[in-house]
Each structure stands twice: as structure tokens, then as C-alpha cells.
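Thanks for coming. I will take a few minutes on one chain, starting with a single helix and then stepping back to the whole.

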Amino acid sequence: MQMLRNSFKGAIVGAAVICLSAGVVRESKADAASCASPIPFGLTTALTGNLALLGTQARNGVEFAVDESMPMGNCRQELALTTEDTGASSTDALNAMNRILEGKPLISLDR
């Protein structure tokens with residue numbers, strides 16, 4: 001039950017971060033060629049091991065939120081999601097977080 005609560009909290013935090021980051025992005029009057037580069041966004045979650053089902057659901061939820069926040073034809077910044085598998089050990093999780101941080105994301109979620 002605790003695991004389900006933590007998964008739910010992670011999904012809520014992810015959705016809140018997506019909403020907040022979408023609100024920060026400003027529209028530009030420039031043409032599409034001069035649009036700013038995408039905002040790097042990182043997610044670490046378990047995609048293998050005992051928690052793979054919960055991690056996959058968390059990843060799918062964040063991907064859905066990112067897709068919903070994408071601009072429709074105007075020149076707003078997009079989000080570039082990178083997902084890393086934390087596996088079944090703390091060593092794998094640390095390595096996954098380090099891989100995410102190498103890309104210098106503006107937003108990083110650890111589920």
C-alpha cells in the first residue's frame with residue numbers, strides 16, 4: 001500500500017512540474033526558425049525489476065503530460081524528456097541519475 005501511495009505522489013508531483021513549467025514558457029513573436037531549443041527534462045524511474053509496473057505507469061503518465069503541454073504551431077519552448085531506468089538496486093538508481101544530470105536538465109524528477 002505504501003508503494004502505491006509513493007507512486008501516486010510521484011505522478012502528482014510530475015504532473016505539477018509539467019503544469020508549472022508549461023506556465024513559465026512564454027510565447028515568442030519570432031518565426032519558427034528562431035524558436036528556442038527544447039527544455040531538457042529528466043525522469044528516473046524503475047522500468048525493470050520488482051517495481052517495473054509502477055515505473056512504467058509513472059513514465060507513461062509523464063510522457064502523456066509532456067505531449068499535452070507541447071505547443072500547437074506557435075513558437076513556445078518544447079520539453080525534451082529523457083527517461084532512465086533505476087533498475088532494482090541503489091547503484092543502478094545512482095547511475096541513472098548521473099546519466100540524467102550529464103544532460104544538465106532544467107527539471108529532474110526522481111520517482
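How far apart should the ends of helix α2, residues 52–69, be, and what does the model give? This is a predicted model, to be clear. Helix α2 has 18 residues, and at 1.5 Å a residue they should span 26 Å. The C-alpha atoms at its ends are 26 Å apart, so expectation and model agree.

Now, which residues of α2 are buried? They are A52, L54, G55, A58, V62, A65, V66 and S69. Viewed down the axis of α2, these buried residues fall within an arc of 165°, so they line one face of the helix. The general reason for such spacing is that an α-helix has 3.6 residues a turn, so residues three or four places apart point the same way. On the other side of α2, the exposed residues are L53, F64, D67 and E68.

Next, the chain as a whole. There are 3 helices and 3 strands, and from the N terminus they run α-β-α-β-α-β. Of the 111 residues in the chain, 29% are buried. The exposed area is about 7,100 Å², with carbon and sulfur atoms supplying 57% of it. Among contacts with a separation of 6 or more, 71% join residues 24 or more positions apart.

Last, confidence. The mean pLDDT of the chain is 75, and 61% of residues reach 70 or more. Among the elements, helix α3, residues 90–102, has the highest mean, 92, and helix α1, residues 2–24, the lowest, 52. Over residues 22–32 the pLDDT is below 50, and this stretch has 11 contacts beyond near neighbours in sequence. Where pLDDT is low, the predicted coordinates should not be read in detail.

Notes. Residues numbered from 1 in each chain as written. Predicted model: local features only at pLDDT ≥ 70, side-chain atom pairs only at ≥ 80, totals over all residues. Heavy atoms only, no water. Helix = DSSP H or I, 4+ residues; strand = E, 2+ residues; numbered from the N terminus. Expected span 1.5 Å × (residues − 1). Buried < 20%, exposed > 50% of the residue type's maximum accessible area, 1.4 Å probe, protein only. Arc of directions from axis to C-beta. Contact = heavy atoms within 4.5 Å. Areas by Shrake-Rupley, 256 points an atom, 1.4 Å probe, with all protein chains shown as cover. pLDDT = per-residue confidence, 0-100.
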